[in-house]
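Colleague: I've got a structure here and some questions about how it is put together. Can we go through it one step at a time?

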Amino acid sequence: MRDALLVLAVLAALAAGLWAWRRCHYPSFWLALGFPLVALSVRASWRRVALGCNLTKKRQRFWFTTVPGLVASTGVVRVRRKWQRIAVDTKPFMWLPLPTRHGWRVTLHTLEGQTPGDYADAAERLAHSWGVHAIRVSSPRPGRVVLMATMRDPLVKVDELPPSPELLKVTVGRLETGKPWLIDFRTVPHWINAGATQSGKSNLANALIVGLARQPVALVGFDLKGGVEFTPYAPRLSALATCRAESVGLLDDLVALMIDRMGLCRQAGARNIWQLPPGVRPVPVVVLVDELAELYLMADKSEKDEIAKTSTALLRVAQLGRAFGIYLFCCGQRIGSDLGPGVTALRAQCSGRICHRVNDPETATMTLGDLDPAALVSARAIAAETPGVAIVAGQDGQWYRARSFYVTEQAAEHAARTHAHLTPAWDEITAHLPDYDPSHLLDA
Ligand SMILES: Nc1ncnc2c1ncn2[C@@H]1O[C@H](COP(=O)(O)OP(=O)(O)O)[C@@H](O)[C@H]1O
Ligand SMILES: [Mg+2]
């Protein structure tokens with residue numbers, strides 16, 4: 001009895017110790033104890049899991065089989081073991097799993113006739129079979145696929161990272177892989193940021209404003225919801241349009257600015273402003289649009305011309321802005337062709353795509369385009385409880401699940417006020433612009 005109690009006490013102490021270890025320092029717990037056990041069980045269950053997920057193939061193999069032999073005089077059937085060639089289910093060859101920050105990854109050799117897509121299709125089934133949060137499939141080279149498993153959703157809580165010191169590069173959150181989520185306007189100049197209300201669009205814009213506020217860039221805002229979103233950040237904004245007339249004027253300025261910079265580059269024999277000597281290089285401009293649909297929404301027929309102008313000007317900025325240091329970040333609930341013919345063309349120019357939680361599958365498809373269908377499934381699975389989670393696609397053709405840091409309006413406002421002295425005046429930026437007739441440019 002005493003012994004039993006002692007054993008129980010020791011077991012309880014051990015369990016408490018393990019629990020405390022896991023709580024206090026999960027990375028070391030995972031590497032030392034969690035991962036080896038998981039790796040063993042993954043290897044041990046691979047045949048069953050592969051069979052269950054239809055990833056096996058029938059192959060002819062020599063195999064020991066049991067065949068009924070002679071019926072003995074006692075009536076007992078004697079079975080014989082026989083070396084025979086039969087069709088067996090073979091599983092894809094699996095290397096040893098390796099630990100990652102939030103789970104593990106393993107390389108497989110595909111069987112004949114299989115593509116990485118077959119594994120991607122089975123990803124959800126694999127995740128359920130192994131009891132992990134998600135499995136992501138990639139293919140480093142033909143004939144190999146890598147399964148990346150995340151044990152738990154790493155985006156439930158994301159902790160802040162230090163700001164990026166590089167120009168036009170902002171760390172806005174974290175990717176599911178644990179890496180920083182970077183928005184880098186120099187590699188991906190124009191972005192679409194879509195999502196339902198309360199999905200975290202404005203939070204991401206706040207994170208962007210906080211990151212850019214400390215950099216030598218000009219920020220320009222379009223907020224046609226009466227300016228309620230961006231007016232508090234006005235100290236750091238070089239220009240802000242809050243109504244249709246203002247937005248038409250501001251877009252004219254932007255187009256004229258772009259054409260002026262074009263001339264500057266042409267004279268200097270440069271292809272873009274980054275090839276100009278730092279002394280004469282104009283300041284980069286990041287254009288933030290809060291609700292894109294508002295720019296295209298027509299209250300009555302009289303606005304038709306203005307909207308057509310807006311649409312053309314925005315498209316020109318998107319087409320030519322990159323080389324001349326003008327970058328777009330467009331937020332909206334729906335960025336579809338139902339807003340007007342210009343929107344599809346604008347969307348095509350925005351290679352950066354961010355899709356927060358959406359209400360309907362079409363919006364996800366519209367935003368993420370023809371990415372991997374798994375990205376669309378993932379976008380539609382974003383829960384309302386985790387605002388700020390989004391599917392992100394940049395130029396590398398890859399997509400990632402990510403979550404922005406929580407940045408309150410107050411924090412963004414504070415950053416805007418603190419760095420107000422860095423705000424280039426719009427009058428100065430546009431001072432030496434010749435008097436272009438913008439309407440003539442737009443009609444061209
Ligand atoms: N990354 C995030 N982490 C935690 N909470 C967030 C995050 N992003 C947004 N939220 C919460 O969700 C709410 C809605 O976000 P918001 O950015 O205003 O959505 P939207 O602009 O899409 O309507 C915010 O008030 C905030 O509390
Ligand atoms: Mg908002």
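Colleague: Okay, where does G195 lie?

Modeller: Before anything else, keep in mind that this is a predicted model. Strand β9 covers 190-194 and helix α5 covers 201-213. G195 comes in between, so its place is the loop between β9 and α5.

Colleague: Is G195 buried or exposed?

Modeller: We count the other C-beta atoms within 10 Å, and 20 or more makes a residue buried. G195 has 29 such neighbours, so it counts as buried.

Colleague: And what about T197, buried or exposed?

Modeller: T197 also has its place in the loop between β9 and α5. The cut-off for this class is 12 or fewer neighbours. T197 has 9 other C-beta atoms within 10 Å, so it is exposed.

Colleague: What does UniProt list G195 and T197 for?

Modeller: The record here is an unreviewed entry. It lists G195 and T197 along with others, including K201 and S202. G195 is also in contact with K201 in the model. The feature name in that UniProt entry is "binding site".

Colleague: Let's go to the open sheet of four strands; which strands are its edges?

Modeller: The order is β3-β4-β6-β5, with antiparallel pairing. An edge strand pairs on one side only. That gives β3 (98-100) and β5 (134-138).

Colleague: Which residue in β6 is the bridge partner of V106?

Modeller: Strand β4 (residues 103-109) and strand β6 (residues 144-150) pair in the antiparallel sense over seven bridges. For V106, the partner in β6 is L147.

Colleague: Which helix packs on the sheet, touching β5 and β6?

Modeller: Its direction makes about 135° with that of β5. The helix spans residues 123-130, and its name is α4.

Colleague: Which residues touch the most other members of the largest nonpolar core?

Modeller: In soluble globular proteins, nonpolar side chains tend to be buried together. The largest nonpolar core here has 89 residues. V287 touches V220, F222 and L254, among others. The two that touch the most other members are I209 and V287.

Colleague: How many residues does the other core have?

Modeller: That core lies apart from the largest one. Among its members are V42, W104, V145 and A149, and the count is 18 residues.

Colleague: Last one: is A245 buried or exposed?

Modeller: A245 has its place in helix α6 (residues 244-268). E303 is 58 residues away in sequence and 9.9 Å away in space, C-alpha to C-alpha. With 10 C-beta neighbours inside 10 Å, A245 is therefore exposed.

Key
Residues numbered from 1 in each chain as written. Chains lettered and ligands numbered in written order. Predicted model: local features only at pLDDT ≥ 70, side-chain atom pairs only at ≥ 80, totals over all residues. Helix = DSSP H or I, 4+ residues; strand = E, 2+ residues; numbered from the N terminus. Pairing = 2+ DSSP bridges. Contact = placed C-beta atoms within 7 Å. Axes fitted to C-alpha atoms, helices over the stretch in contact; angles between N-to-C directions. UniProt positions renumbered as here; feature names shortened; annotations may be inferred. Core = buried A, V, L, I, M, F, W, Y, C linked by C-beta atoms within 7 Å. Lists of a residue's contacts leave out its neighbours within four places in sequence.
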